[in-house]
Each structure stands twice: as structure tokens, then as C-alpha cells.
Amino acid sequence: MPAAEWKAKSESAEYDRMRQRLVTAAWEFACDNGLRRLTLNAVAEQADCARSSVYRYFDNKEELLGAVWQDRVLAIGHELDAEVRRWNDPREQIVRSLYLAVTQVRSGPSLELFKALLVNDEQHMADIALEYIPRIAADILAIDSIYAEARAQGLLRDDISDEDILRWLVTVAIALVQLDSLGNAPEQELAFLHRMLVPSIFKPTG
């Protein structure tokens, strides 16, 4: 049977439900057992479906892991949005959202998952991240609306594009992800982020 006929059809609510079921099962298994023990068989068992069903939605484990990572990014973004809104200043919102996002990624198997994807691609962490993460970084950092508000208030620098800002945020985030000491001194780390981010993104004050 041709692969196109065997694969699940993407234009249906059932497709979305089953795909999400598999992604959720993969994440739950990784949380309980670690990413290294995750296999397509394990995902099928966790989702209570046949192994062949997993292949109808994902060609291989790497494709499934990519979907899990994107799902985690979106979930973290939703979790952070309410927290970030505690601050009114867009400068503080962007600093806090980046710090909280990286802290979340480093908890549980999220960081292990991220590194696994990069190792599979056999490219340097920064090279991959700068190509892959910007597609979904606006969600994890909850900065779409922050950008809009900051632009409307005339706070962002005119000589830097939104794309450049996003790439800079990703670069700083990667550096934080790789720090073993992250979270040991939150106030110092937040002060560092203020120095790294605010002058590069926002117009000078005063």
C-alpha cells in the first residue's frame, strides 16, 4: 500500500486528537521513565494503541520528539503568560519571560529532550537553535503581545528588527540553558539579563 494512503489524514479533528494523544503519551513516559527509555513501542503502550498507529502519525522517533518539544514550548508559553502579566513594564516582562522560560526548560526532561534533538541533527547547539527555535520562541516567551504594546508605546529601538530581537533572545536563552548554576542566584541572573537585553532591545530611558 502506498505510504500516502497508509498515513493518517491530517485534515480532520480525529487526526488532531490522536496526534496530540501520542505526543502527550510520549511526554508522560519521558517524565516517568526518562527520555533514554522512550521508544515508539513505549509510546504506543502509554497511549494504549497499536505500534502501527504511531507510525501513521510519525515516521520515526525523532519526528515524534520534535512534536513533543514543540508541544512543550507552547505549554510553557501558556503557563508563563499569566506570570509575566504581573509586571506592567515591557522591559521587565521580556526579562522575566526569558528567565522563567529557560528555568522551565531546564526542569524535568525538557532540557534532555532539547539536547537529544540537537545531537540527532549532529549540529552545534546554537546553530540548530537559531534556525529552529525562532519559529516557536514567540510562544514560549509570550512576547507577541509584549512586542505590540512596546511598539505602540514607542519603546523599542528603531534600528533593530523584530527578527533580530528574537534571534538575540534565543542566543541569550541558549547561554542560560547551558549554565549549571541557573536558578542558584535568581536576582543576580535577572540583573544580568537586564544588562544583556534591555539596552539591545529598548530605546534609552531618560
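Let's start at Y57, a buried residue with a relative accessible area of 9% in this predicted model. Its partner is Y15, which also counts as buried because its relative accessibility is 14%, under the 20% cut-off. A search of the whole structure turns up 1 aromatic pair, and Y15 and Y57 form it, with ring centres 5.2 Å apart and planes at 35 degrees, a tilted arrangement. Those two values are the natural way to put it: a pair of aromatic rings is described by the distance of the centres and the angle of the planes. The pair ties together distant parts of the chain, since Y15 sits in helix α2 and Y57 in helix α4, 42 residues apart.

With that pair as a landmark, step back to the whole chain. The protein chain has 12 helices and 0 strands, so reading from the N terminus you meet α after α, in the order α-α-α-α-α-α-α-α-α-α-α-α. Of its 206 residues, 43% count as buried. Among contacts between residues at least 6 apart in sequence, 73% join residues at least 24 apart.Now to the interior. The largest nonpolar core has 31 residues, and L22, L38 and L64 have the most contacts inside it. Five helices each supply at least two residues of this core: α2 (13-33), α3 (40-47), α4 (51-57), α5 (61-84) and α6 (90-105). The largest share, 9 residues, comes from α2. L64 is a good place to look at the packing: leaving aside its neighbours within four places in sequence, L64 is in contact with L22, V23, A26, L40, V43 and F58. Apart from this core lies another, of 25 residues, and I94, L98, L176 and V177 are among them.

How do α2 and α3 meet? Their axes come within 8 Å and cross at roughly 110 degrees, an angle that falls between 65 and 115 degrees, and α2 and α3 are therefore roughly perpendicular to each other. On the α2 side the meeting residues are R21, L22, A25, A26, E28 and F29, while α3 brings A42, V43, Q46 and A47. Within α3, the buried residues are L40, A42, V43, A44 and A47. Their cover includes α2, α4 and α5.

Follow the chain just past the end of α3 and you come to D48, which takes a positive phi of about 60 degrees. Most residues other than glycine have a negative phi, and D48 is a residue other than glycine with a positive value. D48 has its place in the loop between α3 and α4. Is D48 buried or exposed? With a relative accessibility of 66%, D48 counts as exposed.

Next, turn to α5 and α6. The axes of these two helices come within 10 Å and cross at roughly 135 degrees, and α5 and α6 are therefore oblique to each other. α5 passes α6 in a right-handed crossing. From α5, the contact is made by W69, I76, E79, L80, E83 and V84, and from α6 by Q93, S97, L100, A101, Q104 and V105.

α6 also packs against helix α12 (residues 186-201), at an angle of about 125 degrees and with the axes 9 Å apart. That angle makes α6 oblique to α12. Here, too, the crossing is right-handed, with α6 passing α12. The α6 residues in this meeting are R91, E92, I94, V95, R96, L98 and Y99. Facing them in α12 are P186, E189, L190, L193, H194, L197, V198 and I201. I94 and L98 of this list also appear among the residues of the 25-residue core.

I201 leads to one last stop, D164. D164 lies in helix α11 (residues 162-177). The C-alpha atoms of D164 and I201 are separated by 9.2 Å, with their positions 37 residues apart along the chain. D164 is partly exposed, with a relative accessible area of 40%.

Definitions and conventions:
Residues numbered from 1 in each chain as written. Predicted model: local features only at pLDDT ≥ 70, side-chain atom pairs only at ≥ 80, totals over all residues. Heavy atoms only, no water. Core = buried A, V, L, I, M, F, W, Y, C linked by side-chain atoms within 4.5 Å. Buried < 20%, exposed > 50% of the residue type's maximum accessible area, 1.4 Å probe, protein only. Helix = DSSP H or I, 4+ residues; strand = E, 2+ residues; numbered from the N terminus. Contact = heavy atoms within 4.5 Å. Phe/Tyr/Trp six-rings, centres within 6.5 Å; stacked < 30°, edge-to-face > 60°. Axes fitted to C-alpha atoms, helices over the stretch in contact; angles between N-to-C directions. Parallel < 35°, antiparallel > 145°, perpendicular 65-115°, else oblique. Left-handed = near helix turned anticlockwise from the far one by under 90°.
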